[in-house]
Amino acid sequence: MNQASSARIIPVDPFDYLVFGGTGDLALRKLYPSLLQRDADGQLPAKARIFGAARHDGDRQAFVDQVKAHCREYLGPQFPEAAWERFAERLDYLRMDVTKTEDFARLRDILDHEPDAIRVYYLAMAPSLFGQTAANLHAHGLHENGARIVLEKPVGRDLETFQQIDDQVRAHFEENQIYRIDHYLGKETVQNLAALRFSNILFTHVWDADYIDHVQITVAETVGLGERAGYYDRYGAMRDMVQNHLLQLLCLVAMEPPSQLEQDMLRDEKLKVLRALRPWGNTISNDVVFGQYEKGNIGSQEVPGYLEELGADSRTETFVALRTYVDNWRWKGVPFYLRTGKRLASRHSEIVIQFKNVAHSVFDETITATQLQPNRLVLRLQPDEGVSLELMTKDPGPGGMRLRQAKLDLSFQKEFDLHFPDAYERLLLDVVRGNSTLFMRRDEVEAAWQWMGPLLTHWQDSSDKPRPYAAGSWGPLDSNYMIYKDNNRWHEEAPA
Ligand code: BG6
């Protein structure tokens, strides 16, 4: 059944959004298109200004043209033609060097034209510049009146460097002014996970080790290095994806229900999960697989391997699969398999909750051995956001009892007939509203780095090369072997 959604547009107060790294990949691909979409939906107030700040020479018109070209490219047919002129009026370019204090004096003069606007500073640039930027903002009084500062991940390369950078920012901004963004928390299906778990009695009593066999979290991408070679080769899949996006998904699956979905209550529960993750022990090399893509085909397109794209030798992992456990009462002994990679077979992200089989089969031996399958709940993050529940039913028609697996499939797009906002659309305006529920608190980021530290050291100290996999595959075979050892299979291989 198709039914209109009851989506609401909640207006926000006048603001000035300042994007440092304002002509970078993230700003052009995600931040401006998201703000444009919000404007087209009527959510931006008349007095909202958006500044792109970068070091190179440039003027307003060239910047506006650049933003338009990228919005057109990334929004495709959704580009809101009618809203563009109004949005363009809001845009301005600032040539700024964040290491130069005089540039901040100029910035202050510009922002002082709208003294009551909420100020948001989005740091979409190298984290090594976060501290100095925060210090310069502070030195010019730009941290006052509840200004907010947004830190793009990953901040640091490990616990120590995260703490150093975060401390530098915290020396100039209060914790409640700092928004550590993980855009996965703004995705519709991720939010839906809370709705599904906490508003359906069907799931409340089966969400534990008694009923769940294992959990799989896959974030597969078809893209390769693109224009981010310098960044990606320094960070790799562990730091770029696992430390933040995948762990946050795991937290939302595994956390205890907070008594309310309020910012600190939710974050307290996620933190407990991160702290309960099993520390890495002697079996570390059996519990993780690092891979790197070689040339191959994605669909009909032949694509080069990582080293060829990079033009240099490198041990950076473009794929990780790992097995971990949440050592608490609820999840005792339940494996959580996490997997992410670039240049995989399809762009496809999902959380699979694999239930156990029924306690006793009333069916004959053949049915029990060949047809009876445990239930499976699949939350599709992208593409085609939705939820499916795999159930056993009777195979229809005469001929005696036979079982067959069937799906209850809910595609949000089809069901609710609505454009699904990009995760950044929600999060960028949450910052203006002062709602940090979907942002990471410092202690969460620390706990994530803490857990990951030994894994990073293990990989750094080992002389192994990442396992090769062909672009367009599902990663190295060792990732399959890792999960076969537990008598499980990745979802795309599991019987339908
Ligand atoms: C970013 C990573 O945080 O997330 C990228 O830095 C990755 O490497 C991207 O491609 C994936 O986001 P999405 O929303 O396209 O799944």
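Two strands pair if DSSP finds at least two bridges between them. In this predicted model, strand β2 (residues 48–54) is joined to β3 by five bridges, and the two run parallel. One of the bridge partnerships links Ala53 to Leu94 in β3.

These two strands belong to an open sheet of six strands, ordered β3-β2-β1-β4-β5-β6, with parallel pairing. At its edges are β3 (91–95) and β6, each of which pairs on one side only. On average, and with direction ignored, neighbouring strands of the sheet are turned by 20° against each other. Toward the β6 edge, a helix enters the picture: α6 (residues 159–170) lies across β5 and β6. The direction of α6 makes an angle of about 150° with β6.

The strands β5 and β6 also appear in the description of the internal space. A search of the whole structure finds two cavities of 30 Å³ or more. The largest cavity has a volume of about 60 Å³. It is lined by 13 residues, of which Lys153, Val155, Arg180, Met440 and Val445 are the closest to its centre. Four elements give two or more residues each to this lining: the strands β5 (148–152) and β6 (178–181), and the helices α9 (229–254) and α16 (442–461). By class, the lining of the largest cavity is made up of eight nonpolar, two polar and three charged residues.

Where does the largest cavity lie with respect to domain 1 and domain 2? Domain 1 covers 3–181, and domain 2 is made of 185–422 + 441–493. Both domains give residues to the lining of the largest cavity, so this cavity lies between them.

The second largest cavity holds about 30 Å³ of space. Its lining consists of Gln243, Gln248, Met440, Glu444, Val445 and Ala448. Here α9 and α16 each supply at least two residues, and α16 gives the largest share, three residues. The residues that line the second largest cavity divide into three nonpolar, two polar and one charged.

Read together, the two linings have elements and residues in common. Helices α9 and α16 are among the elements that give two or more residues to the lining of the largest cavity, and each also supplies at least two residues to that of the second largest. Met440 and Val445 are among the residues closest to the centre of the largest cavity, and both also line the second largest cavity.

Methods
Residues numbered from 1 in each chain as written. Predicted model: local features only at pLDDT ≥ 70, side-chain atom pairs only at ≥ 80, totals over all residues. Heavy atoms only, no water. 1 Å grid on protein atoms, 1.4 Å probe; cavity = no way out; pocket = protein on both sides within 12 Å on 5 of 7 lines; lining within 4 Å. Points joined across faces, edges and corners; volume = space filled by probe spheres on them. Nonpolar A, V, L, I, M, F, W, Y, C, P; charged D, E, K, R; others polar. Domains from an automatic or database assignment. Axes fitted to C-alpha atoms, helices over the stretch in contact; angles between N-to-C directions. Contact = heavy atoms within 4.5 Å.
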